[in-house]
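Colleague: I have the sequence and the structure open side by side, and I'd like to go through a few places in it with you. Could we take it one spot after another?

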Amino acid sequence: MLDKSQPHFDALETRSEDQRTAEQLQALNAQLARLREQDAEALPDAGPLQGLDALAALPVLRKSDLVARQAAQPPFGGMVVSNLAHVFQSPGPIYEPGGLSHDWWRMGRFLHAVGIGEGDIVQNCFGYHLTPAGMIFESGARAVGAAVLPAGVGQTELQVRAAKDIGCTAYAGTPDYLKVILDRADEMGEALSFTRAAVGGGALFPSLRQEYADRGITCLQCYATADLGNIAYESAAMEGMILDEGVIVEIVRPGTGDPVTEGEVGEVVVTSLNPDYPLIRFATGDLSAFMAGQSPCGRTNRRIKGWMGRADQTTKIKGMFVRPEQVADLVAKTGARKARVIARREGEKDVMLVQMEGAGGADLDAAVKETLKLSGTVEVVAEGTLPNDGKVIDDQRSYD
């Protein structure tokens with residue numbers, strides 16, 4: 001088992017830049033050879049890449065491409081998948097594989113950075129239903145020797161009771177839901193034992209992090225996706241997010257595959273070195289930028305500034321992505337002329353307002369929940385009220 005008192009998860013975190021580059025290039029060329037053997041037309045065959053910067057010549061794979069490929073060749077679009085143990089479904093729909101080999105999504109590195117390890121019991125409030133987040137964090141907990149309460153979301157009073165009775169010491173879930181549990185515990189007069197929180201799936205606002213700190217809970221965040229697993233994570237230094245050792249990250253100009261200059265904000269494009277599911281230049285749709293220098297914590301990999309918005313209008317609300325095509329489906333189902341989804345913050349929680357022009361007599365609340373997979377306030381507005389700017393999702397939350 002890993003000793004959580006050790007500052008680093010493994011020796012990979014303190015490699016020199018030259019060693020990391022050479023070893024990642026070797027792994028990347030192995031990935032490319034594996035892909036070309038499976039599908040000769042998937043990538044241009046120009047032999048092994050001579051440097052990581054040569055990645056920029058390869059095509060970018062976007063979520064829309066993956067959806068189309070999977071529709072033509074279900075479930076994984078003809079892509080190379082091995083050691084398959086689970087199949088997950090995310091909005092799109094997009095199907096993702098999952099494996100049971102050690103730390104398949106590489107989440108143990110983040111949990112170790114949070115200070116979670118042997119002797120901890122993690123209350124895992126990520127979902128286990130269809131989407132992979134619950135299994136991603138459970139796999140990470142197993143990698144660091146922690147036990148897991150597979151709690152999911154909801155039934156908050158039971159969650160409080162379980163946390164109290166079991167003595168859960170750590171939380172894993174979206175940033176907001178921990179506050180829901182803690183507030184309910186206060187109402188019930190129960191003192192919980194959380195000292196660590198590993199969060200993701202939504203923005204961790206500074207005021208919320210401070211509220212947890214005031215309760216004696218160290219809260220750090222990671223940046224992960226269902227397709228790629230862990231991409232970057234915070235350490236105790238809390239200066240940017242350190243790139244995971246199992247991915248190669250590029251920052252490109254949105255809508256292209258061209259790398260931006262150092263420090264410039266662009267779209268995060270990730271190449272996974274997971275041999276079981278090699279994704280090459282996968283565009284996340286998220287914006288970020290590289291930071292100069294290394295983390296004071298001693299980890300030597302590059303850092304990004306964290307999540308800085310979306311390269312498209314797709315927005316994460318309450319830990320779930322809402323996509324423009326879902327808003328279009330809502331308009332079609334309800335007979336509305338136009339619709340706009342607005343994301344705001346109220347009382348340290350995400351809230352969603354759906355404004356609709358010309359909506360008919362349909363059950364709009366039910367239609368919103370069915371189509372967007374989230375509940376929100378529905379407001380029917382007069383025709384001509386919504387701006388003619390092409391925007392269907394408006395994120396009004398402040399990330400300062």
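**Walking through the model**

Modeller: Let us begin with proline 48, whose place is in the loop between α1 and α2 (63–72); please keep in mind throughout that this is a predicted model.

Colleague: Is proline 48 buried or exposed?

Modeller: Proline 48 is exposed, with a relative accessible area of 57%. As for its surroundings, proline 48 and leucine 25 are 23 residues apart in sequence, and their C-alpha atoms are 9.2 Å apart in space.

Colleague: OK, and where does glutamate 379 sit?

Modeller: Glutamate 379 belongs to strand β19, which covers residues 377–381, and at 34% relative accessibility it counts as partly exposed.

Colleague: What is glutamate 379 in contact with, leaving aside its neighbours within four places in sequence?

Modeller: With those neighbours set aside, glutamate 379 is in contact with Leu353, Val354, Gln355 and Met356. For leucine 353 the C-alpha to C-alpha distance to glutamate 379 is 7.2 Å, although the two are 26 residues apart in sequence.

Colleague: Switching to helices: which residues of α8 are buried?

Modeller: In α8, which runs over residues 324–334, the buried residues are Gln326, Val327, Leu330, Val331 and Thr334. Looking down the axis of α8, these buried residues fall within an arc of 145°, so they line one face of the helix.

Colleague: Is there a general reason for that sort of spacing?

Modeller: An α-helix has 3.6 residues a turn, so residues three or four places apart point the same way.

Colleague: And what covers the buried residues of α8?

Modeller: The cover includes the strands β16 (320–322), β17 (338–346), β18 (349–357) and β20 (393–395), together with helix α9 (364–372). Just after α8 comes glycine 335, which has a positive phi, near 75°.

Colleague: Now charges. How many salt bridges does the structure hold?

Modeller: The structure holds 32 salt bridges. One of them is between the side chains of arginine 161 and aspartate 165, with an N to O distance of 3.7 Å. These two are four residues apart in helix α5 (residues 156–166), which means that about one helical turn separates them.

Colleague: How accessible are arginine 161 and aspartate 165?

Modeller: Arginine 161 is partly exposed, with a relative accessible area of 33%, whereas aspartate 165 is exposed, at 55%.

Colleague: What about arginine 215, which residue does it form a salt bridge with?

Modeller: Arginine 215 pairs with aspartate 183, and their closest N and O atoms are 3.6 Å apart. This pair links distant parts of the chain, since arginine 215 is in the loop between α7 (206–214) and β7 (218–225), while aspartate 183 is in helix α6 (residues 175–188), 32 residues apart. Both count as partly exposed, arginine 215 at 33% relative accessibility and aspartate 183 at 26%.

Colleague: And aspartate 394 with arginine 340, how far apart are the closest N and O atoms there?

Modeller: In that salt bridge the closest N and O atoms are 4.0 Å apart. Aspartate 394 lies in strand β20 and arginine 340 in strand β17, so the pair ties together parts that are 54 residues apart in sequence. Both of these residues are buried. Elsewhere, salt bridges that share partners join Asp10, Glu13, Arg106, Arg109, Asp244 and Arg299 into one network.

Colleague: Last topic, the empty space. What volume does the second largest pocket have?

Modeller: The volume of the second largest pocket is about 680 Å³. Its lining is made up of 29 residues, and those that lie nearest its centre are Glu17, Leu52, Val249, Phe290 and Arg302. Two or more lining residues each come from α1 (17–38), β10 (247–252) and β13 (290–291), with β10 giving the largest share, five residues. By class, the lining has 13 nonpolar, nine polar and seven charged residues.

Colleague: And how many cavities of 30 Å³ or more are there?

Modeller: The count comes to two cavities of 30 Å³ or more, and the second largest cavity holds about 40 Å³ of space. That second largest cavity is lined by Trp104, Trp105, Arg106, Asp227, Leu228, Ser272, Asn274 and Tyr277, which by class gives four nonpolar, two polar and two charged residues. Arg106 in this lining also takes part in the salt-bridge network I mentioned.

How values were computed. Residues numbered from 1 in each chain as written. Predicted model: local features only at pLDDT ≥ 70, side-chain atom pairs only at ≥ 80, totals over all residues. Heavy atoms only, no water. Buried < 20%, exposed > 50% of the residue type's maximum accessible area, 1.4 Å probe, protein only. Arc of directions from axis to C-beta. Contact = heavy atoms within 4.5 Å. 1 Å grid on protein atoms, 1.4 Å probe; cavity = no way out; pocket = protein on both sides within 12 Å on 5 of 7 lines; lining within 4 Å. Points joined across faces, edges and corners; volume = space filled by probe spheres on them. Nonpolar A, V, L, I, M, F, W, Y, C, P; charged D, E, K, R; others polar.
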